[in-house]
Every structure is written in C-alpha cells, then in structure tokens.
Amino acid sequence: MTDLLQERCGVQVLMCDPAGPTVVTEQDALDLIGSALFDAEIVAVPVSRLDEKFFSLGTRIAGEIMQKFVNYRMRLAVIGDISRHVEASAALRALVHESNAASHIWFLPDVEALDARLETTGAKRRG
C-alpha cells in the first residue's frame, strides 16, 4: 500500500501507509505536507511511521513536526495507540490533551476515531 488520498466524512485525507518511511525530521514532515498540499486537508500518519524520539518531548522533534503542519495550515492526525508513551510522560499527556481539544493536531487511537472526529468537525475546514 502507498499513501492514499481518501474522502472521509466529506473531508479529503491523505492516509499514510503504515509501512512507509519514518517521519523523523522537519523535512520528512514537509514531504508529507507537499504530498497533500493541494489535494487534502488532513494528513493521517500511523504511529508506526513516527520515530520513537517523536514521543520524547525533550528531543523537540514532535514540536518541530507539528509546527510545520500548523504553519502550512494542514491538519495532522496521528493514528494509533500511544498509551505507553502517554503513561510515561506527563508533558506528552498534556500535549495530547491540548492538541485534541484544538482543530489542527489530533492524536487518535484508530481510523474509526478519525471518522468520528471528522463527523463532528468536518465543517471546520482549514483555518
């Protein structure tokens, strides 16, 4: 499977292949944004595509990657189980909570949760 553009609940989403290249750097984030820029509103990245360092906030990788998505007004959905990371870090737990309360970056357990979120927020397009 390759990254695939899908319409989900009326929103164009770039569904990233779980076996695709690992997202580690700002350039990796820019590559995903570039793939989606004119066709999608959201990039859905499986947890398996994120380097372990992403979840260690002291590395600043998460912040740098998330900031690129915000700067380009592209929403990011991190899809998958991150419970072990959240349990190990109060800072990450707070980041996930704050992100999920907003509209640009979401941490969701599965694609069904993405669809549910899009059902309730799909009308809130980029911006």
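1. Salt bridges. In this predicted model, a search of the whole structure identifies 5 salt bridges. In general terms, side chains of opposite charge can pair when their charged atoms come close. Three of the pairs are described in the points that follow, among them E26 with K68.

2. E26 and K68. These two residues form a salt bridge in which the closest N and O atoms are 3.3 Å apart. Because E26 belongs to helix α1 (residues 26-36) and K68 to helix α2, the pair ties together parts that are 42 residues apart in sequence. E26 is partly exposed, its relative accessible area being 32%.

3. R75 and E41. A salt bridge also joins the side chains of R75 and E41, with an N to O distance of 3.4 Å. Distant parts of the chain are linked here: R75 is in strand β4, E41 is in the loop between α1 and β3, and 34 residues separate them. R75 is buried, at a relative accessible area of 4%. E41 counts as buried as well, because its relative accessibility is 14% and the cut-off for burial is under 20%.

4. E52 and R84. The side chains of E52 and R84 meet in a salt bridge at 3.0 Å, N to O. This pair likewise connects distant parts of the chain, since E52 sits in the loop between β3 and α2 and R84 in helix α3 (residues 83-88), 32 residues apart. E52 counts as partly exposed at 45% relative accessibility, whereas R84, at 54%, counts as exposed.

5. D51, a charged residue without a partner. Is D51 buried or exposed? D51 is buried, yet it has no salt bridge. The nearest side chain of opposite charge is that of K53, 4.8 Å away; a salt bridge requires the nitrogen and oxygen to be within 4 Å, so this pair does not qualify. D51 is placed in the loop between β3 (42-46) and α2 (61-71). Apart from neighbours within four places in sequence, the contacts of D51 are T22, V23 and V24.

6. V47. This residue lies in the loop between β3 and α2. V47 counts as buried because its relative accessible area is 17%. Once residues up to four places away in sequence are set aside, V47 touches F55, V78, I79, G80, D81 and I82. The C-alpha atoms of V47 and A77 are 9.8 Å apart in space, while the two residues are 30 apart in sequence.

7. The cavity. How many cavities of 30 Å³ or more does the structure hold? There is 1, and the largest cavity has a volume of about 30 Å³. The lining of the largest cavity consists of V23, L32, V45, L50, I65, F69, L76 and V78. By type, the lining residues comprise 8 nonpolar, no polar and no charged. Helix α2 and strand β4 (75-79) each contribute at least two residues to this lining. Two of the lining residues have appeared above: V23 is a contact of D51, and V78 is touched by V47.

8. Backbone angles. Most residues other than glycine have a negative phi. Two residues of this model merit a remark in that respect: C9 has a positive phi of about 55° although it is not a glycine, and R60, also not a glycine, has a positive phi of about 70°. C9 is located in the loop between β1 (4-8) and β2 (11-15), and R60 in the loop between β3 and α2. C9 is partly exposed, with a relative accessible area of 33%. R60 counts as exposed, because its relative accessibility is 62% and the exposed class begins over 50%.

9. A88. This residue is in helix α3. A88 is exposed, with a relative accessible area of 68%. Which distance separates the C-alpha atoms of A88 and R75? They are separated by 26 Å, and the two residues are 13 apart along the chain. R75, discussed in point 3, is buried at a relative accessible area of 4%.

Terms used
Residues are numbered from 1 along each chain as its sequence is written. This is a predicted model: local features need pLDDT of at least 70, side-chain atom pairs count only at pLDDT 80 or more; totals for chains, interfaces and linings use all residues. Side-chain values use heavy atoms; hydrogens and water are left out. Helices (H or I, at least four residues) and strands (E, at least two) are DSSP runs, numbered from the N terminus. Buried means under 20% relative accessible area, exposed over 50%, partly exposed in between (1.4 Å probe, protein chains only). Lys and Arg count as positive and Asp and Glu as negative; His and the chain ends are not counted. Contact means heavy atoms within 4.5 Å. On a 1 Å grid over the protein atoms alone, a cavity is a set of points where a 1.4 Å probe fits but cannot get out, and a pocket is an open set with protein on both sides within 12 Å along at least five of seven lines; lining residues have an atom within 4 Å of a point. Grid points are joined across faces, edges and corners, and a volume is the space filled by probe spheres set on the points. Ala, Val, Leu, Ile, Met, Phe, Trp, Tyr, Cys and Pro count as nonpolar, Asp, Glu, Lys and Arg as charged, and the others, Gly among them, as polar.
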